[in-house]
Amino acid sequence: MPIDLSLIIATYNRAHLIMETIISIQNQTHTNFECLIIDDGGSDSTETTLAPVLKTDNRFRYLKRPETYLKGLPGSRNYGLDIFSGE
């Protein structure tokens, strides 16, 4: 079944907040989605914090913004827009 919805979350050093967002998304009634978490080059433990979710819920993907995209929210969001697979 094709993915209905793609969520793009840009993050930068928000390990202390990211799980609250992820849990909220997981608790939604709509389940046919993908969630792209785009790290804008942060230096905290976001990837480690997300590791348990990434191992158990394949709807979530953690990616690092490539250098070919501008730093900041627009660059991270544009990267997500270029790779999303939902409608």
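A polar contact is a pair of N or O atoms within 3.5 Å. In this predicted model, one such pair involves E34: a polar atom of its side chain sits 2.6 Å from the backbone nitrogen of S85. E34 itself belongs to strand β2, which covers residues 33-39. The residue is buried but has no salt bridge. Since a salt bridge calls for a side-chain nitrogen of Lys or Arg within 4 Å of a carboxyl oxygen, R61 doesn't make the cut: this nearest side chain of opposite charge is 4.1 Å away. Setting aside neighbours within four places in sequence, the contacts of E34 take in I3, L5, S6, L7, R59, R61, F84, S85 and G86.

Strand β2 also holds F33, one half of an aromatic pair. Searching the whole structure turns up two aromatic pairs. In the pair formed by F33 and F60, the ring centres are 5.8 Å apart and the planes meet at 85 degrees, so the arrangement is edge-to-face. This pair ties together distant parts of the chain, with F33 in strand β2 and F60 in strand β3, 27 residues apart. Both partners are tucked away: F33 is buried at a relative accessible area of 5%, and F60 is buried at 3%.

Next comes helix α2 (residues 46-56), whose buried residues are T46, L50 and V53. Looking down the helix axis, these residues fall within an arc of 50 degrees, so they line one face of α2. They pack against β1 (5-11), α1 (15-26), β2 and β3 (60-64). On the face turned away from this buried side are the exposed residues T48, K55 and T56.

Conventions
Residues are numbered from 1 along each chain as its sequence is written. This is a predicted model: local features need pLDDT of at least 70, side-chain atom pairs count only at pLDDT 80 or more; totals for chains, interfaces and linings use all residues. Side-chain values use heavy atoms; hydrogens and water are left out. Helices (H or I, at least four residues) and strands (E, at least two) are DSSP runs, numbered from the N terminus. Buried means under 20% relative accessible area, exposed over 50%, partly exposed in between (1.4 Å probe, protein chains only). Lys and Arg count as positive and Asp and Glu as negative; His and the chain ends are not counted. A polar contact is a pair of N or O atoms within 3.5 Å; within protein, one must be able to donate a hydrogen and the other to accept it, and residues adjacent in sequence count only if both atoms are side-chain atoms. Contact means heavy atoms within 4.5 Å. The arc is that of the directions from the helix axis to the C-beta atoms. Rings of Phe, Tyr and Trp (its six-membered ring) pair if their centres lie within 6.5 Å; planes under 30 degrees apart count as stacked, over 60 as edge-to-face and the rest as tilted.
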